[in-house]
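Visitor: Please guide me through the surroundings of the ligand, and begin with the terms required.

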Amino acid sequence: MTDLMKGDVLDALSKVVDPEVKKDLVSAGKIKDVSIDGSNIKIILGVSSPAHHIKSKLETSINDTLKKELKGIDKIDIQFQSAPASAKPKKESLLENVKHTIAVASGKGGVGKSTVAVNLAVALAKQGHKVGLLDADIYGPSIPLMLGLNEKPKIYQDSGSAKMLPLENYGIKVMSIGFLLDDNAPVIWRGPMASGAVKQFMSDVKWDELDYLIFDLPPGTGDIQLTLVQSIPLSGAVIVTTPQEVSLIDARKGLQMFGRVNVPVFGIVENMSYFIAPDTGNKYDIFGTGGGERFAKEFDVNFLGGIPIDPRIREGGDKGVPIVYDLPDSEHAKSIFTIAENLTKEAEKSGSSGKPKVEILLGDN
Ligand SMILES: Nc1ncnc2c1ncn2[C@@H]1O[C@H](COP(=O)(O)OP(=O)(O)OP(=O)(O)O)[C@@H](O)[C@H]1O
Ligand SMILES: [Mg+2]
């Protein structure tokens with residue numbers, strides 16, 4: 001029997017493609033260690049907790065390739081190790097008084113991120129938490145309208161440095177670029193300016209102590225959004241989707257984006273999930289059924305809950321009175337209170353350190 005050599009193992013591993021970066025494992029720098037003990041090989045991969053199906057796909061292709069390329073292998077032990085934390089900003093220095101920072105995001109536009117962000121923030125406040133809402137959608141800020149706020153923030157002199165005071169309504173503190181711009185001024189931002197503005201909203205706004213700071217993100221998963229989520233010290237993210245396939249495809253890109261920056265996804269919210277007929281109380285699945293739940297299962301993330309489609313939710317947004325405040329006893333508001341509770345559990349589980357609990361590394365788009 002010929003002795004197994006590390007170089008041969010690495011050669012064989014260079015024939016296995018990493019589904020995330022679509023490069024072979026060796027040139028993608030994913031092999032952290034290879035050790036050989038007689039006919040047993042131990043491989044440590046620098047990809048932590050990928051989704052189950054990706055993990056087993058990788059394990060299978062490593063096993064198959066090594067056994068095909070090399071002779072005399074008895075056992076292959078594959079371990080997945082956390083990639084080192086990315087150079088993310090430390091929450092301690094930027095938002096030292098904030099326990100949990102949570103982004104509300106989606107791949108697709110118009111699925112109801114801002115509606116969900118606003119109602120979740122107000123629901124969390126009603127459940128006794130201290131809550132802030134930061135409108136990070138500086139291209140199309142909709143938070144001022146949805147919360148009926150349109151004043152300019154006051155300036156507060158804080159031991160030499162001037163800070164803006166967030167506005168307040170429905171028990172939450174709020175900051176939006178919309179407060180600083182005139183109504184009809186077009187907002188043209190490039191990526192670095194966009195994340196710069198959001199950074200300023202973290203450092204130059206006096207947030208005081210908060211249990212939750214919710215970030216309403218702009219739609220999409222392009223470079224600008226990626227730069228943005230990199231500049232925010234996030235404890236986790238919530239992905240909003242509608243039940244249709246088109247929206248779910250984009251939600252997957254959202255998962256992938258947070259995986260890239262090591263931010264755990266606390267769960268999926270399915271908005272416009274179903275319609276409750278006001279006369280009969282019957283439920284109708286307008287956009288299909290169970291899409292969000294299936295998606296959550298497939299990608300091994302939590303399903304936080306569904307929110308029905310209802311004209312009163314839209315009207316609440318338009319008139320600046322969130323439904324959880326206006327009609328707290330409605331089925332619709334209750335669905336949002338449930339999501340807030342589920343989210344609280346996830347955030348508490350993951351701790352307040354802002355350290356990712358899981359990483360999601362996904363394959364082909
Ligand atoms: N559950 C719902 N029932 C009825 N209307 C809703 C619901 N959720 C959102 N809407 C309405 O859909 C429209 C889009 O919602 P919203 O602005 O929250 O989406 P968004 O994802 O933040 O959009 P963008 O990508 O432009 O930021 C709004 O008019 C909103 O009132
Ligand atoms: Mg929005």
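Guide: A polar contact here is a pair of N or O atoms within 3.5 Å; within protein, one must be able to donate a hydrogen and the other to accept it, and residues adjacent in sequence count only if both atoms are side-chain atoms. The model is predicted: local features need pLDDT of at least 70 and side-chain atom pairs pLDDT 80 or more, whereas totals for chains, interfaces and linings use all residues. Side-chain values use heavy atoms without hydrogens or water, residues are numbered from 1 along each chain as written, and chains are lettered from A and ligands numbered from 1 in written order.

Visitor: Which residue has a polar side-chain atom 2.8 Å from an oxygen atom of ligand 1?

Guide: Two contacts involve the backbone: a polar atom of Gly-110 is 2.8 Å from a ligand 1 oxygen, and one of Val-111 is 3.2 Å from a ligand 1 oxygen. The side-chain contact at 2.8 Å is made by Ser-114.

Visitor: How many residues surround ligand 1?

Guide: A residue counts if one of its heavy atoms lies within 4 Å. Gly-110, Lys-113, Ser-114, Thr-115 and Pro-308 come nearest. The total around ligand 1 is 17 residues.

Visitor: Which helix supplies the largest share of the shell around ligand 1?

Guide: Helices (H or I, at least four residues) and strands (E, at least two) are DSSP runs numbered from the N terminus. H4, S14, S16 and H10 each contribute at least two residues to the shell. The largest share, three residues, comes from H4.

Visitor: Which element gives the most to the lining of the largest pocket?

Guide: Helix H4 (113-126), helix H5 (143-146), strand S14 (265-276), strand S16 (303-309) and helix H10 (311-319) each supply at least two lining residues. With five residues, the most comes from H10.
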